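Welcome, and thank you for stopping by. Please take a look at the structure below, and then we can walk through it together.

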Amino acid sequence: MSNKINLQVFALGKPGTGKTTVLKRRLEEELLRAGFRLQKTEYGVLLATPRVFLHDPAREWNTIMGLPVKDLADGWAYPYTRCETVEELLQVDTGPDPCFFVFDELMLVDRAHYAALTELCVLRRHRRIAIFAGSQRPAKIPKEVLALSNSLYVFALSDRDDLLKLKNLLTAEQSARVPRLQVGEFVEVSSV
């Protein structure tokens, strides 16, 4: 397994366009690529490497790779742990092993946490963290965070502010397509 993970994936678009489905599929692909494995401890606790920590306010991420997502309040000894708040997720002590952070709705990160989120995005590869995030409103995401993504899936958007936020990340042809995309269709921008 690599010493560093250099992956930051965003899916942006209106509600119901397929962002979460694409993020889940891509996360499972990357977990396998990262050498995903399960093991039972001597106490019968199931652990996975790499671990996944997520903030999922809509509670749509109930399983990953066929295993349940458990709440942080239930303890740390689960392969997939849901944090109730963004603050909890940003404060996770990941230890030396690689892990994945999932933000199901990045626009819910309030301004008080922008600095911590930006720092996480800048230092993620040194801390061996991959970031997967979805958002309905790209205009609400700090530009520094978006600029650091190396894989961007843009689903249908029609809000002028959202389209302007992505103007420098998309070609003119891609920008023209975005408002007309159907459910499940997206424009992919990749820097890797």
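How many salt bridges does the structure hold? The structure holds eight salt bridges, a salt bridge being a side-chain nitrogen of Lys or Arg within 4 Å of a carboxyl oxygen of Asp or Glu.

Before going further, a word on the model: it is predicted, so local features need pLDDT of at least 70 and side-chain atom pairs count only at pLDDT 80 or more, while totals for chains, interfaces and linings use all residues. Residues are numbered from 1 along each chain as its sequence is written, and side-chain values use heavy atoms, with hydrogens and water left out.

**The sheet**

Let us start with the strands. Helices (H or I, at least four residues) and strands (E, at least two) are DSSP runs, numbered from the N terminus, and two strands pair if DSSP finds at least two bridges between them. Eight strands make up an open sheet with mixed pairing, in the order E7-E8-E4-E9-E10-E1-E11-E12. E7 and strand E12 (187-190) are at the edges with a single partner strand each, so one side of each has no neighbour in the sheet.

Beginning at the E7 edge, strand E7 (residues 70-71) is joined to E8 by two bridges in the parallel sense. Here Lys70 stands opposite Thr81 in E8, and Asp71 stands opposite Arg82. Next, E8 runs parallel to strand E4 (residues 51-55), with four bridges between them. Across this pairing, Phe53 faces Thr81 and Leu54 has Arg82 as its bridge partner. On to the next neighbour: E4 pairs with strand E9 (residues 99-103) over five bridges, again parallel, and there His55 stands opposite Phe103.

Now for the side chains. In a regular strand they alternate between the two faces of the sheet. In strand E8 (residues 80-83), Tyr80 and Arg82 point one way and Thr81 and Cys83 the other, and all are buried. Buried means under 20% relative accessible area, exposed over 50%, and partly exposed in between (1.4 Å probe, protein chains only). E4 is mostly covered, with five of its five residues buried: Arg51, Phe53 and His55 point one way, Val52 and Leu54 the other.

**A network of charges**

Where do the salt bridges link up? Asp56, Arg59, Asp71, Arg82 and Glu84 are connected in a network of them. Three of its pairs are listed here.

| Pair | Closest N to O distance |
|---|---|
| Arg82 and Asp56 | 3.5 Å |
| Arg59 and Asp71 | 2.9 Å |
| Arg82 and Asp71 | 3.1 Å |

The Arg82 and Asp71 pair joins strand E8 to strand E7, so it ties together parts that are eleven residues apart in sequence. Arg82 also meets Asp56 in a salt bridge. That pair links distant parts of the chain, with Asp56 in the loop between E4 and strand E5 (63-64), 26 residues from Arg82. Arg82 is buried, at a relative accessible area of 3%, and Asp56 is buried too, at 2%. Asp71 counts as buried at 19%, whereas Arg59 is partly exposed at 36%.

**Helix H1**

Helix H1 (residues 19-33) has 15 residues and reaches 21 Å from its first C-alpha to its last, close to the 21 Å expected at 1.5 Å a residue; the expected span is 1.5 Å times one less than the number of residues. Which residues of H1 are buried? They are Lys19, Thr20, Val22, Leu23, Arg26, Leu27, Glu30 and Leu31. Seen down the axis of H1, these buried residues fall within an arc of 165 degrees, so they line one face of the helix. The arc is that of the directions from the helix axis to the C-beta atoms. The face turned away from the buried side carries the exposed residues Thr21 and Leu32. Just after H1, Gly35 takes a positive phi of about 85 degrees.

**Two last stops**

In the loop between strand E6 (67-68) and E7 sits Val69, which is buried at 10% relative accessible area. Val122 belongs to helix H3 (residues 114-123) and is partly exposed, at 45%.
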